[in-house]
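Student: I should like to learn how to read a metal site in a protein model. May we work through one together?

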Amino acid sequence: MSNPAPPPDDQTSLRAYPYVVVRFRCMVCRRQADVRLAVLAAKFGPNITLGRLVGMFIDGCWWSPRNLARKPQKYGMKCGGHCPDLYKAGPPDLPPSMAGLTLIEGGGDDMLPAEPAPIERRRRVGGDWEEGG
Ligand SMILES: [Zn+2]
């Protein structure tokens, strides 16, 4: 068994991010963004970390703690912006159009062949040797 790579976290750079699409979500302001990694890398460079990108996403939120237009509230609402694919092992649950085709293991066995499979006859070469023990 091979050791799977550790899941990405906010210290992971775009260069090392394993997925094609970087997803940002906020449950508080309901904003969401799916950005292709190549677009982010072209804009910010491949070494920017996911943590900084999430921070930028939060900066665009009304509930951002850095929003100067809003009065600071010690216990007020905060933006919940995050990347749902961080700290999670395994591929993200992308919609089918983005995830591509999935091979269903053993699915072909349920289908009946259109023609009977040819029976393979082996000719024994070299005489009648006793087999087995
Ligand atoms: Zn937000």
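Student: What arrangement do the four donor atoms around the zinc ion have?

Tutor: The ideal angle for four tetrahedral donors at a metal is 109.5 degrees. Four donors count as tetrahedral if all angles lie between 85 and 135 degrees, and as square planar if opposite donors are over 155 degrees apart and all others between 65 and 115; anything else is irregular. Here the four donor atoms subtend angles of 90 to 164°, so the arrangement is irregular. Please note that this is a predicted model, in which local features need pLDDT of at least 70 and side-chain atom pairs count only at pLDDT 80 or more, while totals for chains, interfaces and linings use all residues. Residues are numbered from 1 along each chain as its sequence is written, and side-chain values use heavy atoms, with hydrogens and water left out.

Student: Which residues coordinate the zinc ion?

Tutor: Donors are N, O and S atoms within 2.8 Å of the metal (3.2 Å for Na, K and Ca); water is not among the atoms, so sites may look incomplete. In this model the SG atoms of C26, C29, C61 and C79 coordinate the zinc ion at 2.3 to 2.4 Å. Their spacing in sequence is C-x2-C-x31-C-x17-C. Within this set, C29 and C61 link distant parts of the chain, 32 residues apart: C29 is in the loop between strand 1 and strand 2, and C61 is in the loop between helix 2 and helix 3 (96-99).

Student: How many disulfides are there?

Tutor: A disulfide is a pair of cysteine sulfur atoms within 2.5 Å. By that rule the count is zero.

Student: Is C29 buried, exposed or partly exposed?

Tutor: Buried means under 20% relative accessible area, exposed over 50%, and partly exposed in between (1.4 Å probe, protein chains only). C29 is partly exposed, because its relative accessible area is 24%. C26 counts as buried at 3%, and C61 is also buried at 3%.

Student: What pattern does the protein follow along the sequence?

Tutor: Helices (H or I, at least four residues) and strands (E, at least two) are DSSP runs, numbered from the N terminus. The protein has three helices and two strands, in the pattern β-β-α-α-α.

Student: Which residues of helix 2 are buried?

Tutor: In helix 2 (residues 50-59), they are L50, L53, V54, G55, F57 and I58.

Methods:
Four donors count as tetrahedral if all angles lie between 85 and 135 degrees; four count as square planar and six as octahedral if opposite donors are over 155 degrees apart and all others between 65 and 115; anything else is irregular.
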